[in-house]
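Trainee: Please take a close look with me at the charged side chains and how they pair, and then place what you find within the chain as a whole. I am new to this structure, so a careful pace would help.

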Amino acid sequence: MVYVSDKERQMWVWRQGWQELKGALALVAEGRSDRAGRDGGLRLYDVDADGICELIDGGSEGGSVYHWNPSRNRWEPARYRLPAGVRIVDALGRDAGFRFVDLDGDHRADILYSDPFRCAVYLFATRQAGWQRVRSEARSEPMGEALLPPFVRLDGSHNGVWFRDGYLWVQNEQTGGKLENHVRRVKLRALLEPAMR
């Protein structure tokens with residue numbers, strides 16, 4: 001468990017009870033879990049499928065990523081960051097349209113990003129390089145058609161998007177009564193076609 005604000009930095013691990021690890025966040029220069037009472041975007045997520053979570057600054061575009069060093073009991077900066085222009089939460093702490101999804105079946109966390117103005121697909125390459133962009137597209141108008149449907153609306157609310165069985169599914173006011181089975185679906189593997197040639 002990690003808590004980082006402008007005034008506090010604390011981390012606890014479960015070892016037959018919660019134990020605080022002093023100094024574990026000493027090298028975490030960026031990222032907050034709390035920004036004035038709002039979600040700061042700091043996340044624990046195993047992006048490289050090694051069984052150990054990374055610490056991710058998702059509150060700023062191109063935020064830092066940190067690997068856990070068990071011999072030193074601390075987070076250390078990774079060689080890569082989140083892709084430029086991508087963030088997990090916006091400045092108000094709302095969902096920014098970021099999703100971790102394993103697109104190519106390698107168990108590593110790829111990124112789909114789709115806000116009201118643009119969308120992009122990134123594959124996790126290596127622990128040295130991080131994510132590489134496969135495709136991206138700007139919308140001709142806010143919330144307009146593009147490679148991916150918007151995951152969030154202009155007000156930051158969820159747009160009815162989820163993932164299952166190799167597809168991205170959308171069900172909301174725009175799909176109800178208009179599309180077959182009232183849903184739109186996008187095959188995830190099809191998003192990778194340019195990268196798989």
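Mentor: The chain carries 29 positive and 28 negative side chains, and the centres of these two sets lie 2 Å apart. In that count Lys and Arg are taken as positive and Asp and Glu as negative, while His and the chain ends are left out; each charge is placed at NZ of Lys, CZ of Arg, CG of Asp or CD of Glu. Before going further, keep in mind that this is a predicted model, in which local features need pLDDT of at least 70 and side-chain atom pairs count only at pLDDT 80 or more, whereas totals for chains, interfaces and linings use all residues. Residues are numbered from 1 along each chain as its sequence is written, and side-chain values use heavy atoms, with hydrogens and water left out.

Side chains of opposite charge can pair when their charged atoms come close. Over the whole structure, a search finds 12 salt bridges, a salt bridge being a side-chain nitrogen of Lys or Arg within 4 Å of a carboxyl oxygen of Asp or Glu. One of them links the side chains of Glu76 and Arg72, with 3.4 Å from N to O. Glu76 counts as buried because its relative accessibility is 18%, while Arg72, with a relative accessible area of 51%, is exposed; here buried means under 20% relative accessible area, exposed means over 50%, and partly exposed lies in between (1.4 Å probe, protein chains only).

Another salt bridge brings together the side chains of Asp95 and Arg99, at 2.8 Å from N to O. In this pair Asp95 has 25% relative accessibility and so counts as partly exposed, whereas Arg99, at 15%, counts as buried. The side chains of Arg108 and Asp106 also meet in a salt bridge, at 2.9 Å from N to O. Arg108 is partly exposed, with a relative accessible area of 22%, and Asp106 is partly exposed as well, at 24% relative accessibility. Elsewhere, salt bridges that share partners connect Asp48, Asp50 and Arg127 into one network.

His107 sits in sequence between the partners of that last pair, in the loop between β10 (98-101) and β11 (110-114). Its phi is near 75°, a positive value in a residue other than glycine, and with a relative accessible area of 65% His107 is exposed. A positive phi, of about 55°, also belongs to Gln16, which is not a glycine. Gln16 lies in the loop between β2 (9-14) and β3 (18-20), and its relative accessible area of 83% makes it exposed.

A further acidic residue, Asp39, has its place in strand β5 (residues 38-39), and it is partly exposed, with a relative accessible area of 30%. Not counting residues up to four places away in sequence, Asp39 touches Ser33, Val89 and Gly93, where contact means heavy atoms within 4.5 Å. Asp39 and Ala146 stand 107 residues apart along the chain, and their C-alpha atoms are separated by 28 Å.

For a view away from the charges, turn to Val121, which is found in strand β12 (residues 118-126) and is buried, with a relative accessible area of 0%. Once neighbours within four places in sequence are set aside, Val121 is in contact with Leu103, Ile111, Leu112, Gln132, Arg133, Val134, Arg135, Leu147, Leu148, Leu191 and Leu192. Val121 and Glu137 are 16 residues apart in sequence, and their C-alpha atoms are 9.4 Å apart in space.

These details can now be set within the whole chain, whose secondary structure comes to zero helices and 16 strands; helices (H or I, at least four residues) and strands (E, at least two) are DSSP runs, numbered from the N terminus. Buried residues account for 47% of the 197 residues. Among contacts between residues at least 6 apart in sequence, 41% join residues at least 24 apart. The C-alpha trace spans about 55 × 40 × 30 Å along its principal axes, and the radius of gyration is 18 Å, which agrees with the value near 16 Å for a compact globule of 197 residues. That radius is taken over C-alpha atoms, and the globule rule is 2.2 Å times the number of residues to the power 0.38. Finally, the accessible surface comes to about 10700 Å², of which 48% belongs to carbon and sulfur atoms, with areas from the Shrake-Rupley method and a 1.4 Å probe; for residues, only the protein chains shown count as cover.
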